[in-house]
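Please look through the sequence and the model before reading on. The paragraphs that follow begin with charged side chains, move on to aromatic rings, and end with one helix and its surroundings.

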Amino acid sequence: MIAVENQAPVSENAIPKDASDGFVVPESNAFGQSFRDYESTVRLSIVENTYRLNHINQTYDFVKRTREEYAKLNKAEMSIWEAIELLDSFVDESDPDLEEPQIQHLLQSAEAIRKDYPNEDWMHLTALIHDVGKVLYHSKFGSLPQWALVGDTHPVGCAFDESIVYHKYFKENPDYNNPAYNTKLGVYSEGCGLENVLMSWGHDDYMYMVAKANGTTLPSAALFTIRYHSFYPMHTEGAYKYLMNEEDRENLKWVLTFNKYDLYSKSNVHIDVEKVKPYYESLIKKYFPEKLRW
């Protein structure tokens, strides 16, 4: 992969805000229910089945093999915005809070964070592209099933933490009873750093690889956020922190800041795509080449 050079610095004035600052967290999701309610969501059957398949099939070997395949970046060549448009009809089957096309979720997140951090355009763009890796569902990218591209992420190659949603389905995963992979550390060492940990495969890691390999100048905090924004067992439940190093802990504060905009901005109220498109295209031009290898 191409090394990232000349990354934009994070402004000294860009201090991550506490969850109680700025953005007002709504009391309920688009369905009038609590956020991330995996027990009574109106989308229960489809959400639970997606996680069931995810937990059964995301083995260490599957992730290693799939990551190596997609690291070739030989599926397509297109701009960031062209990739975003592919998500115009995609609905995430793991999301208990929203049933809207992903392009709306991306813009809702970006516009919410833009309001609270008007001078940090790298954060606006990070929000816009954080889920673009979901293009993996598209025929150009191999038409991966949703269990292989959406949902909360977790490490593979070590024990599955009980904080992971629908943990019960891991019992059907071949790694669950494999002594090489079912201990606390498994194939890893304490403090090894998340960079050295293989995560369940999905849109997060894929978009991170695409951005990094194509020489984005987004700061490291942005790349970390893209890569680990779905790692809820860590940033919400505190699991697996024994695998983190000092750099991970420093970047984690940005994931925590980003999370509230990612989670709580979901709404049935649509953003006018054509109205905001010029602004986001200018950011894409600033931080990315015109065409990217995917």
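In this predicted model, the structure holds 14 salt bridges. Side chains of opposite charge can pair when their charged atoms come close. A good place to begin is the pair formed by lysine 277 and glutamate 85, whose side chains meet in a salt bridge with an N to O distance of 3.9 Å. Lysine 277 belongs to helix α10 (residues 273–287) and glutamate 85 to helix α3, so this pair ties together parts that lie 192 residues apart in sequence. The two partners differ in how they are covered, for lysine 277 counts as buried at 17% relative accessibility, whereas glutamate 85 is partly exposed, with a relative accessible area of 41%.

A second salt bridge brings together the side chains of arginine 249 and glutamate 246, at 3.4 Å from N to O. These two residues both sit in helix α9 (residues 246–264), where, being 3 residues apart, they are separated by about one helical turn. An α-helix has 3.6 residues a turn, so residues three or four places apart point the same way. Arginine 249 is partly exposed, with a relative accessible area of 42%, while glutamate 246 counts as exposed because its relative accessibility is 53%, and exposed begins over 50%. Elsewhere, salt bridges that share partners join Arg67, Glu195, Asp205 and Arg227 into one network.

Lysine 75 leads from the charges to the rings. Its side chain meets that of glutamate 69 in a salt bridge of 2.7 Å, N to O, and lysine 75 also lies over the face of tyrosine 70, at 5.0 Å from the ring centre. Both members of the salt bridge are partly exposed, lysine 75 at 26% relative accessibility and glutamate 69 with a relative accessible area of 28%. Tyrosine 70, for its part, belongs to a cluster in which ring pairs link Tyr70, Phe141, Trp201, Tyr206 and Trp294.

Across the model, the count comes to 18 aromatic pairs. One of them joins tyrosine 240 and tyrosine 242 in a tilted arrangement, 6.3 Å from centre to centre and with 50 degrees between the planes. Tyrosine 240 counts as buried at 2% relative accessibility, but tyrosine 242 is partly exposed, with a relative accessible area of 22%. Tyrosine 242 has a charged companion too, since lysine 184 lies over the face of this ring, at 4.4 Å from the ring centre. In another pair, the rings of tyrosine 279 and tyrosine 280 have centres 5.0 Å apart and planes at 75 degrees, so the pair is edge-to-face. Here tyrosine 279 counts as partly exposed at 23% relative accessibility, and tyrosine 280 as buried at 0%.

The last stop is helix α6 (residues 203–213), which is mostly covered, with 10 of its 11 residues buried. Among the buried residues of α6 are Asp205 and Tyr206, and both names have appeared above: Asp205 takes part in the salt-bridge network, and Tyr206 in the cluster of rings. What do the buried residues of α6 pack against? Their partners are the helices α2 (60–70), α3 (80–85), α5 (121–129) and α7 (220–228), together with strand β2 (292–293). Just after α6, glycine 215 takes a positive phi of about 75 degrees.

Technical notes
Residues are numbered from 1 along each chain as its sequence is written. This is a predicted model: local features need pLDDT of at least 70, side-chain atom pairs count only at pLDDT 80 or more; totals for chains, interfaces and linings use all residues. Side-chain values use heavy atoms; hydrogens and water are left out. Buried means under 20% relative accessible area, exposed over 50%, partly exposed in between (1.4 Å probe, protein chains only). Helices (H or I, at least four residues) and strands (E, at least two) are DSSP runs, numbered from the N terminus. Contact means heavy atoms within 4.5 Å. A salt bridge is a side-chain nitrogen of Lys or Arg within 4 Å of a carboxyl oxygen of Asp or Glu. Rings of Phe, Tyr and Trp (its six-membered ring) pair if their centres lie within 6.5 Å; planes under 30 degrees apart count as stacked, over 60 as edge-to-face and the rest as tilted. A charge sits over a ring if NZ of Lys or CZ of Arg is within 6 Å of the ring centre and within 35 degrees of the ring normal.
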